[in-house]
Amino acid sequence: MEHLAILRDLQATLDYLRTIERDLSALPPDLAALDARLKAIEKQTADKTKALDTARNYIQIKSKELVQALKDEDRARAAVKTTSQKVQYTSAIRELDEKERMRAQIARPLKALETEALALEQALAALEAERLTLKAQFDELHAVFLDEHANQVEGRKKLKAKQAQLEAKLAVPEVTRFHRLAGARQGRVVVPVENGACSGCHVKLRGPFLFQLKEAKDAVACESCQRILFLP
């Protein structure tokens, strides 16, 4: 039953750790406001960075198209200068007009993209400047907050160390499964049997299963929710 004892101890450790984390994440209003703004800046930065990357990609494409359009326009202009016959001259002029239109059709959206990219770069610079200022304020106030909760900070440190020690006694796949199940089951992985039912999902356990649980020498999972059960 040592294996089950380790799992129960790990569950209790994580329960205490979540309580401390919840208390330490309950920031006072001034810190909470700074934290909210920093998270908003982070999202805005991600969105604008993505938009800037897209704009730069299009700029690269359009720039290549413009280079080719300018070459085509130069060739058409050269053809006009070297043409002496009237019919050929008229055709060359029409060709030049077409190449000029094509160049303009590329140049206008390219200019708009460059303007957009510049605006995004300026916006990102402003966001980064604001983030650095707010982060300094947050770190200063948060340090004071943590000093006021020194016992909980120390408790969290000890609990994390204990968590690491307990997880080291388990196989890596089992630790992975434990945390995956914890994420899917509101943090409750190891639960007691209460009134013949799993206290996690409240499904009544079958008689043969209860007998198996009583005789088991290792961890037994609930047939319904897959939580690890133990008899109190």
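Is A168 buried or exposed? I looked this up at the start: A168 is exposed, with a relative accessible area of 63%. My cut-offs are under 20% relative accessible area for buried, over 50% for exposed, and partly exposed in between, with a 1.4 Å probe and protein chains only.

**Ground rules**

I am working with a predicted model, where local features need pLDDT of at least 70, side-chain atom pairs count only at pLDDT 80 or more, and totals for chains, interfaces and linings use all residues. I number residues from 1 along each chain as its sequence is written, and side-chain values use heavy atoms, with hydrogens and water left out.

**Overall layout**

I found six helices and four strands in the chain. Both are DSSP runs numbered from the N terminus: helices are H or I with at least four residues, strands are E with at least two. In sequence order the pattern reads α-α-α-α-α-β-β-α-β-β. The radius of gyration is 34 Å, well over the 17 Å that the globule rule gives for 232 residues, so the chain is more spread out than a compact globule. For the record, that radius is taken over C-alpha atoms, and the globule rule is 2.2 Å times the number of residues to the power 0.38. I also noted the span of the C-alpha trace along its principal axes, about 105 × 50 × 30 Å.

**Surface, contacts and charge**

I see 31% of the 232 residues counted as buried. The chain exposes about 14900 Å², and carbon and sulfur atoms supply 56% of that; the areas come from the Shrake-Rupley method with a 1.4 Å probe. For contacts (heavy atoms within 4.5 Å), I looked at those with a separation of 6 or more: residues 24 or more positions apart account for 70% of them. I counted 39 positive and 34 negative side chains, with the centres of the two sets 5 Å apart. Lys and Arg count as positive, Asp and Glu as negative, while His and the chain ends are not counted.

**Two stops on the helices**

Back to A168, which sits in helix α4 (residues 150–168). Its C-alpha is 37 Å from that of A136, at 32 residues apart in sequence. I then went to K50 in helix α2 (residues 29–82), which counts as exposed at 62% relative accessibility. The C-alpha atoms of K50 and K157 are 37 Å apart, with their positions 107 residues apart along the chain.

**A buried phenylalanine**

Which residues does F209 touch, not counting those up to four places away in sequence? I get V220, A221, C222, E223 and L229. F209 belongs to helix α6 (residues 207–215) and counts as buried at 2% relative accessibility.

**Cysteines**

How many disulfides does the count give? Zero, by the rule of two cysteine sulfur atoms within 2.5 Å. C198 is in none, and its nearest cysteine sulfur, that of C225, is 3.7 Å away. The sulfur of C225 has its closest cysteine sulfur in C201, at 3.7 Å, which is too far for a bond. Both residues I checked for burial count as buried: C198 at 1% relative accessibility, C225 at 4%.

**Positive phi**

Q186 has phi near 55°, a positive value in a residue other than glycine. Q186 lies in the loop between α5 (172–184) and β1 (190–194) and counts as exposed at 65%. Q226 also has a positive phi, about 70°, and is not a glycine. I placed Q226 in the loop between β3 (220–221) and β4 (228–230), where Q226 is partly exposed at 34%.

How values were computed:
The place of a charge is taken as NZ of Lys, CZ of Arg, CG of Asp or CD of Glu.
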